[in-house]
Amino acid sequence: MTSATKLSLGCIADDYTGASDLANTLTRAGLRTVQTIGVPPDDLALPEVDAVVVSLKSRSIEAGLAVTRSRAAEKWLRGRGAQHVLFKICSTFDSTDAGNIGPVMDALRADSADSIVLVTPAFPETGRTVYQGNLFVGAVPLNESPLKDHPLNPMHDSNLVRVLARQSKTRVGLVDLATLSRGADAVRARLKDLAAKEIGAAIIDAVFDRDLETIGQVALDHRVSVGASGIGLGLARALVAAGKAKSNAASAMPETAIGGPAACLAGSCSQATLQQIASAEKVMPVLHLDPDRVVAGKDEAQRALGWAKDRLFDGPVLIASSSTPDQVAALQSRHGRDAAGHAIEQAMADIAEGLVQSGVRRLVVAGGETSGAVVDRLRIPGFLVGAEIAAGVPVLRAVGANNGAMLLALKSGNFGGPQFFSDALALMR
Ligand SMILES: Nc1ncnc2c1ncn2[C@@H]1O[C@H](COP(=O)(O)OP(=O)(O)O)[C@@H](O)[C@H]1O
Ligand SMILES: O=C(O)[C@@H](O)C(=O)COP(=O)(O)O
């Protein structure tokens, strides 16, 4: 990135799949966007861009650490001229009562001296809508959705005003759909009323993309907002409409094919990923890791690598640790939730490293934490955004990596259709 570049929008994402989801949305809305892994070193050569999405792996770490890392990212983004910073969280509000959405929001709000912060995880394109402060996943409230069984942060309350209030030091209010439907000025007036009552954050309803456009306009009056790709879409459209970004983000990604062996790794245990693995079994060899053996030591990852190397040059392969909610609960009761999750993430990183050493240059990873462990191990500093595989999942081209040109797809556990793995590989040439 040249020193002359001034960012129209700065973004901090709390995981890597979420970051690529947002980078995809901003690119499709016309912003030239780059995804970086962590706060970029000053010597990282990046193209001329409108938006940078700094990817952190801060969703499930200790809250204080998440705050420190998010603040460092904010400082970097503000230093590049970003007037507005979006803290990108999961569209299913993945978090625990300890955070990290509330603590990070509180810190960014304090840094920016905003009186009130707009918050919404709505992302209608993927079925996430918010009504009366309640988050729906498709047709069901969050607490009845598969997110109730998430291995790291099971979600048991769909009322986001309550959820955020448990995590935040500030009081939390609501801007409801009726107010939103009266337009940007009605939202501004409601925020003023809430702020006058010393309410520092407002969950805002959103059901359709047009709601997000209104939210984007109002959010730009502020320095910070919190939400998923939907609010990113609203902000991008508002920036383009205000002439603060050109709508010309024909992908900056070079079209040259990469070729070579391809592999898929799945560490997500979401219902969508379990179904995608079942579909993949019909078209490629699939190895199911034994999670107990993974927790016991390194041998299981080595076995998987040997299995993959025997097949890689005949076509793509898939290696999965994913299990059903009952099996996940049983493993966690034997080994502890964090220990089990961490051991499996590190095994996935070991396997990814071995695959790349064996020549793999096209890699699909399912799962946010899993993607974080893999990308960190591969020491990839950033990505350019390419074609969209499914809503929220683009093809990514690694920039500045030691391994040279490489394509990845980082899939949020919940995203993608049943044939996702084949769909991804078809676009990763
Ligand atoms: N069989 C399993 N049992 C328990 N935990 C698992 C299993 N397979 C994967 N995990 C862990 O579950 C978590 C899944 O989270 P993540 O990769 O973020 O997926 P998602 O995108 O669905 O949230 C990771 O920490 C992963 O290591
Ligand atoms: O907003 C979303 O749903 C995604 O972008 C996201 O954050 C995904 O997180 P994981 O499901 O943990 O991959």
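Here are some short exercises, with worked solutions, on a predicted model of a protein with its ligands.

**Exercise 1.** Find out where ligand 2 sits and what surrounds it.

*Solution.* Start with the neighbours. The shell around ligand 2 has 14 residues, and Thr 17, Asp 21, Arg 59, Lys 88 and Ser 91 come nearest. Next, sort the shell by class: you get three nonpolar, seven polar and four charged residues. Now ask which element gives the most: that's helix α1, residues 16-28, with three residues. Finally, look at the domains. Both domain 1 (9-241) and domain 2 (262-427) give residues to this shell, so ligand 2 lies between them.

**Exercise 2.** Pick out some polar contacts of ligand 2, then work out how much of its area the protein buries.

*Solution.* Begin at Thr 17, where a polar side-chain atom is 2.7 Å from an oxygen atom of ligand 2. Move on to Lys 88: an N or O atom of its side chain lies 3.0 Å from a ligand 2 oxygen atom. Then try Gly 368, where a polar atom of the backbone is 3.1 Å from an oxygen atom of ligand 2. As for the area, ligand 2 taken alone exposes 350 Å², and the protein buries 96% of that.

**Exercise 3.** Do the same tour for ligand 1: its neighbours, its contacts and its place between the domains.

*Solution.* Ligand 1 has 19 residues around it, with His 150, Ser 268, Glu 345, Glu 369 and Thr 370 coming nearest. Check three of these for contacts to ligand 1 oxygen atoms. The side chain of His 150 has an N or O atom 2.6 Å from one, the side chain of Ser 268 has one at 2.7 Å, and for the side chain of Glu 345 the distance is 2.6 Å. On its own, ligand 1 has 570 Å² of accessible area, and the protein covers 96% of it. Helices come next: α12 (325-335), α13 (337-357) and α14 (368-378) are the elements that give two or more residues to the shell. By class, the shell splits into seven nonpolar, 10 polar and two charged residues. Since domain 1 (9-241) and domain 2 (262-427) both contribute residues, ligand 1 lies between them.

**Exercise 4.** Which residue forms a salt bridge with Arg 59, and is Arg 59 buried or exposed?

*Solution.* First, the idea: side chains of opposite charge can pair when their charged atoms come close. The partner of Arg 59 is Asp 14, with the closest N and O atoms 2.8 Å apart. Now place the two along the chain. Arg 59 is in the loop between β3 (51-55) and α2 (63-79), while Asp 14 is in the loop between β1 (9-13) and α1, 45 residues apart. To settle burial, use the cut-off: buried means under 20% relative accessible area. Arg 59, at 10%, counts as buried, and so does Asp 14, at 3%. One last step is to widen the view: Asp 14, Asp 15, Arg 59 and Asp 94 are linked in a network of salt bridges.

**Exercise 5.** Set the salt bridge of Arg 78 beside that of Glu 213.

*Solution.* Arg 78 pairs with Glu 74, with the closest N and O atoms 3.5 Å apart. Both sit in helix α2, four residues apart, about one turn of the helix, and both are buried. Glu 213 pairs with Arg 237, and here the closest N and O atoms are 2.5 Å apart. Glu 213 lies in helix α7 (residues 209-219) and Arg 237 in helix α8 (residues 229-241), so this pair ties together parts 24 residues apart in sequence. Glu 213 is partly exposed at 31% relative accessible area, and Arg 237 is partly exposed at 36%.

Technical notes. Residues numbered from 1 in each chain as written. Chains lettered and ligands numbered in written order. Predicted model: local features only at pLDDT ≥ 70, side-chain atom pairs only at ≥ 80, totals over all residues. Heavy atoms only, no water. Near = heavy atom within 4 Å. Polar contact = N/O pair within 3.5 Å; in protein donor to acceptor, adjacent residues only side chain to side chain. Areas by Shrake-Rupley, 256 points an atom, 1.4 Å probe, with all protein chains shown as cover. Nonpolar A, V, L, I, M, F, W, Y, C, P; charged D, E, K, R; others polar. Domains from an automatic or database assignment. Salt bridge = Lys/Arg side-chain N within 4 Å of Asp/Glu carboxyl O. Buried < 20%, exposed > 50% of the residue type's maximum accessible area, 1.4 Å probe, protein only.
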